[in-house]
Amino acid sequence: MRIVLSIIFLIFLVALSVCMVIAMRSKKAIGKYVACMICGIIPPIAGNLILMLTTNYTVAMVGFYIYFLGMDTTIYSILTFSHYYCELKPNKLIRKAAYILVILDAIQYALNPFTRFTFSARSTMVDGFKYYVLVPYFGQTLHRLVVYGIFLAVIIIFVYKCIKTPKIYAEKYWIILFAMLISGILETYDIFSNAELDFSMMAFGAFGLLVFYFALYYRPMKLLDKMLSGMASEMPDALFFFDKTGKCVWTNEPGRMLLGGARNDYDSVKDNLTFLFGDIDFNETGWSKKLTLGTGDETQYTRLEMRSVNDEYGKNTGSYLSVRDITEEQREMEREIYRSTHDSLTDLYTKEYLYECIEKRLKNDKKTDYMIGYMEISNYKVINDVFGKRFGDFTVSKTADFIREGARGKSLAGRLSEDSFGILIDKEDFFGKPVEEKISTFKVSDKDLEHRVIIHYGIYDIAEGEDIDVPLFFDSARLATTRIADPYQTQLVYYDDKMRNEIIHDQLISNQLQDAIATKQIRPFLQPIVDEKGLLAGAEALVRWIHPEEGLMPPGKFIPVFERSGQIVDVDKHMWRSACEILKDWQERGFKQFISVNISPKDFYFLDVAEELKNLVEEYKIDPKQLRIEITETVMMDEAEERFKVIEDLRRYGFIIEMDDFGSGFSSLNLLKDMPVDVLKIDMQFLRDSERNLKAGFIIKNIIRMSDDLGIDTLTEGVETAAQFEKLYDMGCKLYQGYYFSKPVPVEDFEKQWFD
Ligand code: C2E
Ligand code: CA
Ligand code: CA
């Protein structure tokens with residue numbers, strides 16, 4: 001018996017040592033407490049093993065010491081462990097008290113050889129061998145009180161934890177509590193039965209192993225099961241589980257709801273599902289499909305997915321079908337796609353998406369069925385500046401509606417930039433004239449605000465054999481609009497062979513410009529400006545290009561080209577310098593007449609106009625009053641405030657500012673109030689109207705009178721007859737210019753005519 005027990009103890013010792021090492025190396029935080037506790041359990045077992053094997057008194061005494069002191073370490077380490085295992089905040093008081101008791105107990109053992117206060121041993125015979133059993137004294141009772149006291153504390157901790165923890169989590173605490181109680185009871189039995197061999201140590205060993213397993217390896221399967229089935233029931237998807245034979249064995253709540261709520265009617269599940277979703281392949285797993293039921297806003301989207309279920313060895317144990325209502329996801333996805341392909345302000349396609357759709361369409365359809373349209377709100381900047389961004393946006397969105405309405409048949413439309421739109425025009429539904437008429441009367445009105453929207457519409461007709469290059473098509477359509485000279489008039493233009501040739505011609509003359517300036521092929525002609533008495537007051541410098549091949553080119557032929565390319569700056573700088581040269585010459589010859597020069601709106605973009613002009617008059621040492629500056633109201637279309645500043649600056653310096661082509665644009669009288677100008681040049685178009693209708697004549701009269709009040713001189717240009725001259729004279733006009741006096745002529749001719 002002793003031998004058998006010894007072997008069992010030995011096995012426990014080895015097993016516990018191994019567990020201790022493993023626990024020590026464990027990555028889990030609890031590992032070191034487990035190791036500590038096992039370390040505490042080893043000495044009493046070892047002590048008992050010694051007692052079991054020895055026949056020598058001294059050795060037996062050593063065994064007893066190891067046993068009892070070991071009990072102290074065991075109980076203390078169990079207390080420490082239980083704190084962490086039960087996730088209690090370490091209770092310092094209990095642990096300190098336990099610690100002191102254990103130390104005191106150890107002291108009384110240490111003194112025992114001298115005091116004989118605690119225990120001694122007597123020999124007896126077991127299995128025919130000498131065996132030492134305990135003879136307890138009062139100290140031994142104290143020892144037991146200490147051990148039981150602490151043991152009780154541990155039991156209380158575990159009982160508390162078991163009660164406090166939700167049932168499904170409490171399993172691991174209950175098991176350890178149970179093991180602990182059994183060990184305690186066995187130990188107690190051992191003590192009070194006075195049995196010769198101590199069996200209870202086996203219970204402690206088993207307890208150590210149990211703790212090792214539960215603290216480090218236990219996975220609460222029941223808990224997992226419960227959690228998983230809980231999750232499956234809570235899942236919004238309807239789930240149907242089938243066993244290996246294909247029989248439905250379980251469905252969650254949404255599954256039951258889907259099939260009408262019958263609780264345990266698993267037999268008809270497959271039939272019901274087939275009824276709802278059509279043919280379902282229950283035998284195959286690993287598939288999923290999307291079903292669309294209903295149409296329009298009512299459309300419901302469902303995703304069916306069949307999966308197999310395998311056990312931990314990978315063996316198939318059945319399958320499940322999940323049915324998910326993906327209508328919301330699908331809608332959100334559709335909304336997302338819509339947002340990324342549509343412009344938020346106008347709801348038209350975005351540029352990228354439009355290009356993509358057009359490309360697809362042109363690839364699939366006959367491309368000669370279509371044309372490419374580029375539409376631009378020409379006065380967008382003015383609308384924005386004058387009426388504000390809100391009205392600007394409103395105009396854009398109304399224009400988009402207008403385009404949508406017009407984009408019939410297989411047409412497509414999108415927004416290309418802030419103020420431009422792209423259209424794939426279905427030729428079958430497009431007729432140039434009516435479209436042009438329609439766009440030319442297009443207005444937007446918002447409460448009391450109404451404004452004409454000026455549209456420039458460029459169209460590119462796709463040729464039969466052409467490669468599909470959507471961006472290039474749009475470039476060509478846009479290029480066509482850049483050739484519309486009048487920003488105030490709606491116009492529809494085609495990019496065609498004529499335009500292509502014009503563009504080539506433009507490029508040609510652009511390349512020749514520098515040379516033409518250097519060789520003075522480009523030079524000013526002068527047109528006289530006279531006063532009321534018909535005497536010369538000054539002249540306007542008008543540019544001419546005496547082209548070696550094309551002959552005399554009027555500015556209409558090349559100014560728009562250079563305005564587009566920005567080269568107008570070079571032309572104007574050359575013209576201003578030429579004017580200064582002439583003025584310098586006149587000054588030296590004693591002539592006091594002025595020369596007016598033209599400034600293009602584009603000059604303000606590329607040049608510090610004020611700086612440039614000031615430098616010129618300083619260089620030629622002429623009075624700035626002699627060089628008059630003609631600007632048009634289009635200069636004010638962009639960044640009006642900046643332009644005002646430049647003009648004010650020029651006036652302060654001494655230049656005289658003339659407002660050219662007054663009455664042709666949009667702002668006219670309104671602008672005049674704040675415009676810092678000295679002379680008003682009334683457009684000859686106005687004059688022509690005045691012959692036909694009285695109203696225009698009346699307006700001219702009023703403009704002249706009002707200008708007078710404002711201290712502004714009036715100059716009428718385009719005077720062709722004596723009658724016109726007389727009429728304007730009567731109205732009070734100060735200065736006159738026109739063919740009636742002279743056409744623009746070369747400088748020498750001008751001087752010959754007026755100075756000789
Ligand atoms: P603009 O500044 O309004 O110049 C007046 C235009 O009216 C000139 O045309 C002139 O020849 C024409 N004209 C003068 N009197 C009469 C008349 O009695 N009857 C008619 N039918 N026409 C008359 P031109 O020289 O062809 O110039 C056209 C436009 O080109 C100018 O209009 C001006 O805007 C621009 N331009 C001319 N020279 C320059 C320049 O050096 N720089 C810039 N940026 N533009 C210039
Ligand atoms: Ca002019
Ligand atoms: Ca003019």
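How are the donor residues of the calcium ion (ligand 3) spaced in sequence? The pattern is D-D-x55-E.

Some housekeeping. This is a predicted model, where local features need pLDDT of at least 70, side-chain atom pairs count only at pLDDT 80 or more, and totals for chains, interfaces and linings use all residues. Residues are numbered from 1 along each chain as written, chains are lettered from A and ligands numbered from 1 in written order, and side-chain values use heavy atoms, without hydrogens and water.

Confidence next. pLDDT is the predictor's confidence in each residue, from 0 to 100. The protein averages 88, and 95% of the residues score at least 70. Strand E18 (residues 594–598) scores highest, at 98, and helix H24 (residues 684–692) lowest, at a mean of 63. Helices (H or I, at least four residues) and strands (E, at least two) are DSSP runs, numbered from the N terminus.

Now the calcium site. Donors are N, O and S atoms within 2.8 Å of the metal, or 3.2 Å for Na, K and Ca; water is not among the atoms, so sites may look incomplete. For ligand 3, the protein donors come from Asp 660 (OD), Asp 661 (OD) and Glu 717 (OE), with Glu 717 (OE) listed twice. They lie 2.1 to 2.7 Å from the ion. Asp 660 also bridges to the calcium ion (ligand 2); the two ions lie 4.1 Å apart.

Are these aspartates buried or partly exposed? Asp 660 is buried, at 6% relative accessibility. Asp 661 is partly exposed, at 27%. Buried means under 20% relative accessible area, exposed over 50%, partly exposed in between (1.4 Å probe, protein chains only).
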